[in-house]
Amino acid sequence: MHQRPAARHQVTLRQAPLARQRGAALLLLLLVLGLGASSFLISMFSQPKGDLHRQALTRAALADAREALLGYAVLHRRLPRPAQSALDGRERGQPCTDDAACTGWLPWTTLGLTPGDGWNKLLRYSVSPEFTDNKLARAPEATKTLLDRSGDGGIFYRVGSANCVVDDRCAAAVILSSGRHLGTSLAGIEQAGAVTDNLDEQANAEAVRDFMARAATDDVRSAGGSFSNELGWVPLRLIRERLRATAPVKKTLQ
């Protein structure tokens, strides 16, 4: 009669390790599920949303445009002129002899690019006049500068200077995305500005030589107002490097 409690105790001892194993497996499963959920949330929140997504697309478009312009320079020994119109992405046939005439839209068809930026607006393009006339081998003058603002609102040069003839750091060309407020749609329709404080953006819309390239902000109290333009440029140094790398090798007589 005293053997039954012993039998029950023996069964309990055998079941205890099994229960611990099941508990450990459940904890491991919960840990794996937790890590999976965390990875999903991190991935979801790390994806660009709204304006951030448009900015990412715009920066990619600017980078593609710069590479296409460098490739064009190597192939043709010059940079292309602006597009014929907002609906015709071929470069203009007539020469452009000053900064105003050499400013317009990026010639996306000539460069083999998809038109527009992340905001579905045409990219603005301004090229140094001498670079459009097969003069790359003769050290043409780069005329484009990029400006920025300091913490107190003062303006300084990020690229180039007031005297591009002496300063060899001026850009050969500038590509500009108008951002949220201004610009021209892919259908060729000029976009009306939704804000009026964006003085630097308004200046960029008319610029032909000096372009503001400061950080984006929605703060209307900042110097120059709210700003959503994105800019890319073709450095003179990069053009020279690409030209040297692709220059024909001269054979010497022996």
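This note goes through the fold, the strand pairing, a few single residues and the largest pocket of a predicted model.

1. **Overall make-up.** The protein chain has five helices and seven strands. Along the sequence they come in the order α-α-β-α-β-β-β-β-α-β-β-α. The chain counts 254 residues, and 39% of them are buried. Its accessible surface is about 15200 Å². Carbon and sulfur atoms account for 58% of that area.

2. **Sequence range of the contacts.** Take the contacts between residues at least 6 apart in sequence. Of these, 61% join residues at least 24 apart. Two residue pairs discussed below, Arg124 with Ala205 and Val159 with Cys170, give concrete separations to check on screen.

3. **Strand S2 and its partners.** S2 covers residues 124-127. It pairs with S1 through three bridges, and the two strands run antiparallel. Within that pairing, Gly104 has Tyr125 of S2 as its bridge partner. S2 also pairs with S5, residues 171-177, through four bridges, again antiparallel. There, Arg124 is bridged to Leu176 of S5. S2 thus has bridges to S1 and to S5.

4. **Both faces of S2.** In a regular strand, side chains alternate between the two faces of the sheet. S2 can be read that way: Arg124 and Ser126 lie on one side, Tyr125 and Val127 on the other. Each of the four is buried, and both faces of the strand are covered.

5. **Arg124.** This residue sits in strand S2. Is Arg124 buried or exposed? Its relative accessibility is 16%, and because the cut-off for buried is under 20%, Arg124 counts as buried. Its contacts beyond four places in sequence include Thr103, Gly104, Trp105 and Leu106. Val174, Ile175 and Leu176 are also touched. A further group is Asn204, Ala205, Glu206, Ala207 and Phe211. Arg124 and Ala205 are 81 residues apart in sequence, yet their C-alpha atoms are 8.6 Å apart.

6. **The largest pocket.** It holds about 330 Å³ of space. Its lining has 17 residues. Nearest the centre lie Arg124, Gly183, Thr184, Glu190 and Ala205. The elements giving two or more residues to this lining are strand S1 (103-105) and helix H4 (199-206). Which element gives the largest share of the lining? H4 does, with four residues. By class, the lining has five nonpolar, eight polar and four charged residues. Arg124 and Ala205, the pair with C-alpha atoms 8.6 Å apart, are both among the residues nearest the pocket centre.

7. **The S3-S4 hairpin.** S3 spans residues 145-149 and S4 spans residues 155-159. The two strands are antiparallel and are joined by four bridges. They form a hairpin with five residues between them. In the turn, Gly153 has a positive phi of about 95°. One bridge pairs Leu146 with Val159 of S4.

8. **Val159.** Val159 belongs to strand S4. It is buried, at 10% relative accessible area. Which residues does Val159 contact, leaving aside its neighbours within four places in sequence? They are Thr145, Leu146, Arg169, Cys170, Ala171 and Trp233. Leu146 is also its bridge partner. Cys170 is eleven residues away along the chain, with a C-alpha separation of 5.8 Å.

9. **Two positive phi values to inspect.** Most residues other than glycine have a negative phi. Arg77 is not a glycine, and its phi is positive, about 60°. It lies in the loop between helix H2 (51-76) and S1. Its relative accessibility is 27%, so Arg77 is partly exposed. Asn120 also has a positive phi, near 60°, and is a residue other than glycine. Asn120 is placed in the loop between helix H3 (108-111) and S2. Its relative accessible area is 52%, and because exposed means over 50%, Asn120 counts as exposed.

Notes. Residues are numbered from 1 along each chain as its sequence is written. This is a predicted model: local features need pLDDT of at least 70, side-chain atom pairs count only at pLDDT 80 or more; totals for chains, interfaces and linings use all residues. Side-chain values use heavy atoms; hydrogens and water are left out. On a 1 Å grid over the protein atoms alone, a cavity is a set of points where a 1.4 Å probe fits but cannot get out, and a pocket is an open set with protein on both sides within 12 Å along at least five of seven lines; lining residues have an atom within 4 Å of a point. Grid points are joined across faces, edges and corners, and a volume is the space filled by probe spheres set on the points. Ala, Val, Leu, Ile, Met, Phe, Trp, Tyr, Cys and Pro count as nonpolar, Asp, Glu, Lys and Arg as charged, and the others, Gly among them, as polar. Two strands pair if DSSP finds at least two bridges between them. Buried means under 20% relative accessible area, exposed over 50%, partly exposed in between (1.4 Å probe, protein chains only). Contact means heavy atoms within 4.5 Å. Accessible areas come from the Shrake-Rupley method with a 1.4 Å probe; for residues, only the protein chains shown count as cover.
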